[in-house]
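Colleague: I would like to learn how to read contacts in a protein model. Could you take me through them step by step?

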Amino acid sequence: MPTTNGLDAGLVPGATDAELYDWLADMVLIRVFEETADGLALRGRIPGGMHPAIGQEAVAVGIARALRADDVVAGTHRSHHHALAKQLPPAAVLAELYGKATGTNGGRGGSMHLADFDLGLWGTNGIVGAGLGIALGAALGASVRCTDQVAVGLFGDGGANTGRVWEFVNLAAIWRLPLIVACENNLYAVETASKSVTGGNSIAERAAAFGMPAQQVDGQDIVEVHRAVRAAADRARAGDGPTFLEFLTYRYKGHNSGEVIRYRTEDEVTQWRTSRDPVERFSALLTNSGVLTPEDLTRIADDARAVVDAAVAFAEESPWPDPSTAAENVSAWSNRDGSVR
Amino acid sequence: MSSATEPRPKAVATYSTAFQEGMREEMDRDPTVFVLGTDIYDRGGHFSQVKGLGERFGHERIRDTPISEAAMVASGVGAALNGTRPVVDLNFLDFAFGAMDELVNQAAKIRYMWGRPVPLVVRATAGVAQGGAQHNNSLQAWLMNTPGLAVVFPSRPWDVKGLIKSALRGSDPVVFMMHKLLTGARGPVGGPDELVPIGSARIARPGSDVTVITYGYGVVVADDAATALAGEGIQVEVIDLRTLAPLDVTTLVEAVKRTGRALVLDEAPALSGPAAEIATTLSDHAFWYLDQPVVRLTAAHSPIPHSPPLVDGLLPNVGQVIDAVRRLALARGPSQSSVS
Ligand SMILES: Cc1ncc(C[n+]2csc(CCOP(=O)(O)OP(=O)(O)O)c2C)c(N)n1
Ligand SMILES: [Mg+2]
C-alpha cells in the first residue's frame, strides 16, 4: 500500500505524499520556466516569441498526473505547461524555443510545435483546434487496436468557436472513443473576450448536446482537475466513450510575450492572482494539511530555479542546427534516386 | 478630385498603413464596403492593417468575429452576392485552410456556374518569416491554380493602396496577400483615385542584362542583389509581379525581349509553384528571345522550420541571387547554361 497523504481520504484518491510533492514541484517548475522564458522572449532570445501559460499550471499538471504513461496529450499554441507537465526535459524545451539543435525537435518545431511521442505529447499545435483532431485520431487508433489508452485533446475558448472542434466532438461521441475533450477556457482569444463572440450559456453546455458527459471544472484547483480527468479516463477505459471538460482558468500575461493588454482590467488580473492562484492554493492545501513543510516549499522553489537556470545555460550554449539539413526528412517518398523532390 | 498629373507632395505610408488608408477611403466612398475578422475593432488587426477604422465606422462595418474561418469566408461570399463588398481578414493566410471550400469551391466558382459576380476580398498576411511550419505556407501556388480567383501580392505601400482600391471596385474574388516582412516598409502612396490595376506587373528597377522576376519580399532581395551587381557592371532589371493571377504575360515577355535572360526568384517551393508557371510562360511566349534557359531560384521543397539558421538554409538569399544572376549574365552557349 502506498503511504496515504494527509488529506481526507478521497480528496486525492490514491496519491501518495511523494506524488503530491511532485505535482506541486511540476507546477512551480512551469511557473519559473514561463516567467524566465517570457523574459527571454522580451529580450529577443526566442525567435518568433511565445505564448506564456502562467496561471494555467494546474490544468496541465492535473491532466498529466491523471494519465498513464502510454496515454496521449495533444496541445495548442500555448504549450509549455503541457510539455513540462508531460515531463519533457526543461532544457530541451527551452533549447527548442531558441531554435537550437539540442531542442526537443531539433529546432524544427519551436514554441508552438513541441512534441515527444515517447512521453505522450503528440504535438502542441499552431492551428487553433487542430490538436483535438490529433487526439481524436489517437483515440480511434486506441479503440481499433484495443490498447486501453486514453487521449486528451486540448483547445481554448477561442478554439471552441472553430467548426472543426465540433466535428471532432461528434465523431468521438458516435464512435464512443476514449477521448477527453479538454477546453482551457481562459476567457480570451488574443484580445477578444470570448463571451462577446460565443453563443449559448457555456462551452460545456454545447458539448452536452452531443450526448456526452460535459462539465465545468475549476482549472485553478489541481485536485479538482485531477479528479475530473481521472474519472473521465476511467470512463474512457471502461469503453464508455468521451468526456468533455471545460477548465475555467486564466492567463496572467498577454496572449504572447510583450503584448500590450488593453482588453481587460488590472483589477480582474489581480483578483485571479490573489484569490485563485493555482500554485498558492495547492501550496497552502499541502502545508495546512501537513503534507509539506515550509522547508519543502523552499526546496521546491530552489530546485525549480536551479533547473531553469541550467536550462537557460544549456539553451544559450547549444549549437545551432546545420542549415544544410533543413530540407531533410520531408517525406520518405522523395528519397528515391532520380525522382523529382 | 485629385488628378494623377497634378504635382503634389507624395504622402508616405507604411505597407500596413497604406492598406488602412485605402480601406478608409473606400469605406468613405462606398457604404457597402465592410470588414470582418478576429481582433479588428479595438486592435485594428494583428498588423494594424485597419487600426482606427473601428472607431470611425463602428461595429457593423468593422466586425469582430470568433475564430471561425469557414464561417468568416462563407458569410463574406453570401454577403458579396447580396449587394455588399466584404473584406474578410483571415489574419494569416495559413488559416484559409479551414475555409478552403468556401474560397475555392464557392467564391471562385459562382460566377462561372451561376453567372453572379462575388465581389469578395480575402486579406491575409503571408510570406515566409518566423513562426514555424504551420504559419509559413506559400499558399499562392494553390490559389493561383484556382480558376476564378485573383491573387495579388504587393511589395510596397503604393501598390497595397492601389490594389486594394482596384479589388474593392472590381466584381470578383481577390485574395490579397501581404508579406510579414514588409509590414513596416515605408514608401509613397497614391491619392484616393490612384488605382493599381489587378493583373499588371511593374518594372521595379530598369536594367539591360538580366531580368529578375519576383514578387512580395523577393523584390527587396532582388533589388539588393541588383545594387551589388551594378558595381560589377551587370545591369539587372527587376520585375515586381504585384499580381500572381492573372499573370501579366505581356510585361514578362517584353522584358525578356530586352534582356534575353531571366531568373525567377521565389520563396515558394519550385514544384508546381509560381516560378514553374512563369518559366513555362516564358518558354511558351518568348522562347526565341531567350539567350539562356530561364533559371528558377526558389525555396527548397520543405516545410518552413522554426530555427532561423534552418529557415535561412531553405530560402534563396541575396548572395545566391547575385551568384545565379552573375552566372546567367556571363553564360554563353549551352554548356554553362543550367543553373539551379
Ligand atoms: C485556425 C487558426 N485561426 C487563427 C489562429 C490565430 N490564433 C492563434 S492563437 C489564437 C487565439 C486562441 O484563443 P484560445 O483558443 O482561447 O487559446 P488561448 O490563446 O487563450 O490559450 C488565434 C486567433 C490560428 N493559430 N489558427
Ligand atoms: Mg483563450
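Colleague: How many salt bridges does the rule find across the interface of chain B and chain A?

Modeller: A salt bridge is a side-chain nitrogen of Lys or Arg within 4 Å of a carboxyl oxygen of Asp or Glu. Across the interface of chain B and chain A, two salt bridges are found. One of them joins A:Glu259 to B:Arg43, with 3.5 Å between the closest N and O atoms. Before we go on, this is a predicted model, so local features need pLDDT of at least 70 and side-chain atom pairs count only at pLDDT 80 or more, while totals for chains, interfaces and linings use all residues. Residues are numbered from 1 along each chain as its sequence is written, chains are lettered from A and ligands numbered from 1 in the order in which they are written, and side-chain values use heavy atoms, leaving out hydrogens and water.

Colleague: What is the area buried between chain B and chain A?

Modeller: The size of an interface is often given as the accessible area lost when the parts come together. Buried area is summed over both parts, using a 1.4 Å probe. Here it is about 2600 Å², and carbon and sulfur atoms give 64% of that. On the chain B side, B:Ile67, B:His306 and B:Leu310 lose the most area to chain A, together 25% of what that side buries. Counting contacts (heavy atoms within 4.5 Å), 30 residues of chain B and 39 residues of chain A take part.

Colleague: Now the rings, please. How many aromatic pairs are there over all chains?

Modeller: A pair of aromatic rings is described by the distance of the centres and the angle of the planes. Rings of Phe, Tyr and Trp (its six-membered ring) pair if their centres lie within 6.5 Å; planes under 30 degrees apart are stacked, over 60 edge-to-face, and the rest tilted. The count is 13 over all chains. Among them, A:Phe155 and A:Phe244 are edge-to-face, 6.0 Å centre to centre with 65° between the planes. A:Phe155 lies in strand β2 and A:Phe244 in strand β7 of chain A, so the pair ties together parts 89 residues apart in sequence. (Strands are DSSP runs of E, at least two residues; helices are runs of H or I, at least four; both are numbered from the N terminus.)

Colleague: Is A:Phe244 buried or exposed?

Modeller: Buried means under 20% relative accessible area, exposed over 50%, and partly exposed in between (1.4 Å probe, protein chains only). A:Phe244 is buried, at 0%. A:Trp166 stacks with A:Phe244, at 5.9 Å and 10°.

Terms used: Buried area = accessible area lost by both parts, 1.4 Å probe.
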